[in-house]
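This report describes one protein chain for a reader who is new to structural work. The sequence and the structure are shown first, and the description follows.

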Amino acid sequence: MRRVFHADTAGVTVASNRADVVAGLVGAPLDEELLAVRLLDSVPHPLGDVPLWRGVHAVPPGFQLDTGPDGVSRTRWWSPPEPRLGLEEGAALLRRELDLAVRVRTGAATTVSSDLSGGLDSTAVCAVAAAAGAAPFALTMASRDPGDDDVHWAKLAAAGLKHAEHLVLPVDQVPLFYSGLLEVTGPVDEPTPTILDQPRQLAGHDEMAVRGSELHLTGMGGDHVLWGHPAHVLQRLATEPFGALRHLRAYRAQNRWSLRDALSVIGDRRSYGQWLVASADRLTAPRAAPHSADVLAWDVPPRMPGWATPDAVAAVRRRMRLAAQSAIPLGGTRAQHNELNILHHGTRVTRVLHQVSEQGGLPMASPFFDDHVIEASWSVQPEDRSSPWLYKPLLKAAMRGVVPSEVLKRETKGEASVDAANGLRENRARIAELWHDSRLARLGLVDADRLLATTLQPSSPELRYAGLDSTLACEIWLRTV
């Protein structure tokens with residue numbers, strides 16, 4: 001979450017926690033090829049951590065920047081721990097570190113507020129803060145989806161929390177997705193989909209500020225930190241074949257993988273660099289089905305949207321092949337690489353949301369992304385913290401006695417698809433307006449006519465699933481930098 005960026009100007013090193021600040025100080029130009037990379041539906045390592053200005057460099061997560069008379073260097077200060085703990089020992093450690101992470105952040109604020117979505121992650125953070133007497137305001141957003149039971153679970157949780165006043169934001173005060181696209185403010189230092197839904201993301205924050213909140217806690221990061229990657233079963237095949245095969249069969253059944261697809265990915269022995277080159281060759285191939293067996297690979301192969309120009313596709317292919325020449329995976333196994341890659345993506349997205357919230361006047365904090373919380377979670381053996389049959393068993397064990405017991409029985413998860421679909425339909429005209437004067441089209445990265453035609457098609461699958469959010473994020477970001 002605490003990134004460092006740097007550049008050289010006239011022999012002087014300039015460093016900041018924001019890439020756009022460094023770029024402005026040294027007059028760095030935008031790198032249009034790297035902007036094209038951000039049109040991908042998922043940006044593969046290491047390209048996601050590269051700033052979008054020429055001459056501006058990023059210190060990789062887990063490293064620090066050292067400066068001195070001989071120039072700059074990078075030193076690793078953090079590495080993922082060895083997973084040696086069992087469930088109960090790891091749960092005690094996670095509870096202790098999450099409590100400390102919350103207290104460290106709330107100690108600097110007189111009054112704080114917290115998300116209480118009804119999901120386990122925000123409920124855990126809110127409950128820990130309430131137990132410390134630091135979260136008098138708990139915020140829940142109502143849902144338009146009759147099948148979404150988040151509010152029910154949020155009310156159940158709030159009833160069992162001391163020192164917390166529960167506020168439910170009614171549906172008519174919850175903006176749909178894609179609302180306010182033309183009013184997005186900036187700047188932020190990279191284009192992530194977080195910036196598209198500022199009104200929704202910050203809904204209720206004005207009310208929290210009026211009530212005196214100086215800091216707003218979120219449960220963001222829980223999905224990235226607590227989820228054990230399915231690829232861990234590949235390493236267990238050699239040491240614990242029966243248990244690994246049992247988990248693998250369950251993942252197959254849940255995600256409807258064919259045996260052929262699963263065996264093809266499991267048997268893939270390509271290095272990460274080779275996988276990256278092969279992915280570059282298939283940027284315009286059909287997308288894999290949702291929840292495909294590719295989750296067991298180095299990553300899910302990225303795809304360019306159909307409206308990307310041939311020049312944009314060629315630029316991205318060139319950048320990926322160049323990166324592949326020196327790219328090494330983030331971890332020693334596919335599972336560890338994937339977990340770190342997912343973590344880095346989550347911190348980039350959340351970090352940008354924090355930038356937006358600071359501009360809105362109510363800073364946010366996401367304790368699950370604390371390095372000690374990550375270490376506590378990842379110190380637990382993968383088979384104990386993840387299971388195809390159990391939902392976040394480590395967090396549930398850690399929160400016994402803190403979160404009301406009834407809430408810990410929840411096995412569902414709200415996912416706001418109704419608001420996303422309705423938002424896309426109701427804001428289609430506003431989205432189309434962007435393409436009439438598209439900054440991306442001016443740079444030759446997208447075909448504005450194709451984008452416009454696709455946007456105006458009713459219920460177009462290509463619009464919903466083919467990288468619209470990344471394209472919108474790049475378009476909006478260009479208008480704010």
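## Ile328 and its surroundings

In this predicted model, Ile328 is exposed, because its relative accessible area is 62% and the cut-off for an exposed residue is over 50%. Ile328 belongs to the loop that runs between helix 13 (310–324) and helix 14.

Residues far from Ile328 in sequence can also be examined. Once residues up to four places away in sequence are set aside, Ile328 touches His45 and Tyr272. The separation of Ile328 and Gly273 is 55 residues in sequence, while their C-alpha atoms are 6.8 Å apart in space.

## The cis peptide bond at Pro46

His45, one of the residues touched by Ile328, also takes part in a particular peptide bond. The bond from His45 to Pro46 is cis, and its omega angle is near 5 degrees. Pro46 itself is placed in the loop between helix 2 (32–37) and strand 3 (57–58).

## His354 in helix 14

Helix 14 comprises residues 334–360, and His354 is located in this helix. Is His354 buried or exposed? His354 counts as buried, because its relative accessibility is 7% and the limit for a buried residue is under 20%.

The side chain of His354 forms a polar contact of 2.9 Å with the side chain of Ser366. When neighbours within four places in sequence are left aside, the residues in contact with His354 are Met1, Met364, Ala365 and Ser366. Ser366 therefore appears in both descriptions: as a contact of His354 and as its partner in a polar contact between side chains.

## Ser122 in helix 4

A second buried residue is Ser122, with a relative accessible area of 6%. Ser122 lies in helix 4, which covers residues 120–131.

Which residue shares a polar contact between side chains with Ser122? The partner is Ser117, and the contact has a length of 2.9 Å. Apart from neighbours within four places in sequence, Ser122 is in contact with Ser114, Asp115, Leu116, Ser117 and Gly219.

## Thr75 in strand 5

Thr75 is part of strand 5, which is formed by residues 71–76. Its relative accessible area is 34%, so Thr75 is described as partly exposed; this class lies between the limits of 20% and 50%.

The side chain of Thr75 makes a polar contact of 2.4 Å with the side chain of Asp66. Asp66 is also found among the contacts of Thr75 outside its neighbours within four places in sequence, together with Gly62, Phe63 and Gln64. Leu25, in turn, is 50 residues from Thr75 along the chain, and the C-alpha atoms of Thr75 and Leu25 are separated by 25 Å.

## Two residues with positive phi

Ala10 has a phi angle near 55 degrees, which is a positive value in a residue other than glycine. Ala10 occupies the loop between strand 1 (5–9) and strand 2 (12–16). With a relative accessible area of 81%, Ala10 is exposed.

Arg256 is likewise a residue other than glycine with a positive phi, here near 60 degrees. The loop that holds Arg256 connects helix 10 (241–255) and helix 11 (259–266). Arg256 counts as exposed, at 79% relative accessibility.

## The chain as a whole

The secondary structure of the chain consists of 23 helices and 10 strands. The radius of gyration is 22 Å, close to the 23 Å that the globule rule gives for 481 residues, so the chain is as compact as a globular protein of that length. Along its principal axes, the C-alpha trace spans about 60 × 55 × 55 Å.

Of the 481 residues, 54% count as buried. Among contacts between residues at least 6 apart in sequence, 76% join residues at least 24 apart. The accessible surface of the chain comes to about 21300 Å², and carbon and sulfur atoms account for 53% of this surface. The chain carries 50 positive and 56 negative side chains, and the centres of these two sets lie 5 Å apart.

Technical notes. Residues numbered from 1 in each chain as written. Predicted model: local features only at pLDDT ≥ 70, side-chain atom pairs only at ≥ 80, totals over all residues. Heavy atoms only, no water. Helix = DSSP H or I, 4+ residues; strand = E, 2+ residues; numbered from the N terminus. Buried < 20%, exposed > 50% of the residue type's maximum accessible area, 1.4 Å probe, protein only. Polar contact = N/O pair within 3.5 Å; in protein donor to acceptor, adjacent residues only side chain to side chain. Contact = heavy atoms within 4.5 Å. Rg over C-alpha atoms; globule rule 2.2 N^0.38 Å. Areas by Shrake-Rupley, 256 points an atom, 1.4 Å probe, with all protein chains shown as cover. Lys, Arg positive; Asp, Glu negative; His and termini not counted. Charge placed at Lys NZ, Arg CZ, Asp CG, Glu CD.
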